Amino acid sequence: KEYPDILIQTFAYCSTEIAPKSVRPEPNILIRWCDLYTYSDCYRPLTSEFNKARREQVQGWQATQAKLAIYDYSNMGILNAPYFRPPRIETTVNAIAPDMRFYRDSGATSYYTEMQTYLHLHPQNFVDLQIWLSYQLANDPDLDEDALIETHMTHHYGPATKPMKRLLKEIRDAIAHCRQPLFYITNPVRPYQTPAFIKRVLGFLREAQKMAPEGTAWRRRIDKELVTPLAVILNSPTLKTDADSPLNREAAAREYEALRKNLIETYSPPEKREEFLKQLAETMSGF
């Protein structure tokens with residue numbers, strides 16, 4: 001009564017994520033529902049068949065007429081945690097715009113998403129696009145996501161935009177056509193990561209490298225996208241390879257180590273480089 005303008009926020013998370021059958025939140029309560037990462041396929045929209053149970057939870061809170069906020073998760077890369085281990089060729093770009101609009105249409109007035117990436121390890125593919133696209137659509141969910149993606153790709157990859165757009169489409173199509181849920185931690189297997197798929201991914205990246213001069217920001221960004229596909233090869237000992245194949249493990253290891261060193265030198269603060277190089281040495285020893 002004294003402070004009608006103050007909202008008290010509480011989590012609908014884990015044991016409290018399902019809306020109660022009869023209890024109703026007071027008007028000054030903000031329910032922050034969490035799209036729990038172990039149960040949500042963050043690579044496909046909440047409106048997809050793979051996220052039916054999660055979608056129904058939002059609709060359950062909507063039916064209570066609660067003030068609604070969202071705590072979301074993207075594909076995370078926390079250090080020393082199982083989220084991006086083993087590394088995978090994937091992106092959440094397919095889900096970002098539909099989810100923003102679904103939450104808006106559900107009455108949510110606040111949106112927060114958690115995602116980490118580590119530039120000195122193997123970053124998630126197109127993580128820069130994910131962050132930028134999420135920010136733009138958080139400001140205005142009705143913006144044309146295809147136009148936003150076109151703008152980002154053009155400015156981010158310059159002369160190599162065309163093959164990088166083909167790479168993005170390859171990954172997005174593989175995710176869209178996958179007929180099983182794509183979780184992390186509980187189901188890190190990506191059935192589309194076949195030798196043929198990886199060869200196509202590497203082919204687009206090799207084409208892009210030829211178009212972007214070494215030493216440019218464009219080339220550094222392309223090289224960053226190459227680290228994770230190489231990590232997939234090195235973390236997949238049963239993947240069939242041969243001496244003349246782009247999946248040659250020895251060649252992949254040499255290139256992976258060189259690219260990781262470049263990431264460390266380019267993006268890491270000087271006081272952390274020795275630590276990160278030691279981590280890299282331990283990784284290579286493991287391979």
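Two strands pair if DSSP finds at least two bridges between them. Helices (H or I, at least four residues) and strands (E, at least two) are DSSP runs, numbered from the N terminus. Keep both rules at hand for this tour.

This is a predicted model, in which local features need pLDDT of at least 70, side-chain atom pairs count only at pLDDT 80 or more, and totals for chains, interfaces and linings use all residues. Residues are numbered from 1 along each chain as its sequence is written, and side-chain values use heavy atoms, with hydrogens and water left out.

**Stop 1: the strands**

Select I31. Across from I31 stands L68 in strand 3. Strand 2 and strand 3 run parallel, joined by 5 bridges. Now follow the chain from strand 2 through helix 1 to strand 3: this β-α-β crossover is right-handed. The term means that, with the strands pointing away from the viewer, the path from the first strand over the helix to the second runs clockwise.

Stay on strand 3. How many of its 7 residues are buried? The count is 6, so strand 3 is mostly covered (buried means under 20% relative accessible area, exposed over 50%, partly exposed in between, with a 1.4 Å probe and protein chains only).

Next, select A69. Opposite A69 is S110 in strand 4. Strand 4 covers residues 108–114 and runs parallel to strand 3, with 6 bridges joining them. In a regular strand, side chains alternate between the two faces of the sheet.

**Stop 2: three loops**

Go to C14, in the loop between strand 1 (8–12) and strand 2 (29–34). C14 is not a glycine, yet its phi is positive, about 55°. C14 counts as partly exposed because its relative accessibility is 45%.

Move to Q65, in the loop between helix 1 (52–63) and strand 3. Q65 also is not a glycine and has a positive phi, about 65°. Is Q65 buried or exposed? At 75% relative accessibility, Q65 counts as exposed.

Then select R85 and P86. A cis peptide bond joins them, with omega about -5°. P86 sits in the loop between strand 3 (67–73) and helix 2 (93–105).

**Stop 3: a helix pair**

Show helix 7 (residues 217–234) and helix 8 (residues 249–267). They pack at about 140°, with axes 9 Å apart. Therefore helix 7 is oblique to helix 8 (under 35 degrees counts as roughly parallel, over 145 as roughly antiparallel, 65 to 115 as roughly perpendicular, the rest as oblique). Axes are lines fitted to C-alpha atoms over the stretch in contact, and angles run from 0 to 180 degrees between N-to-C directions.

Colour the contacts (heavy atoms within 4.5 Å). Helix 7 residues including L226, L230 and L234 meet a group in helix 8 that includes Y256, L259 and L263.
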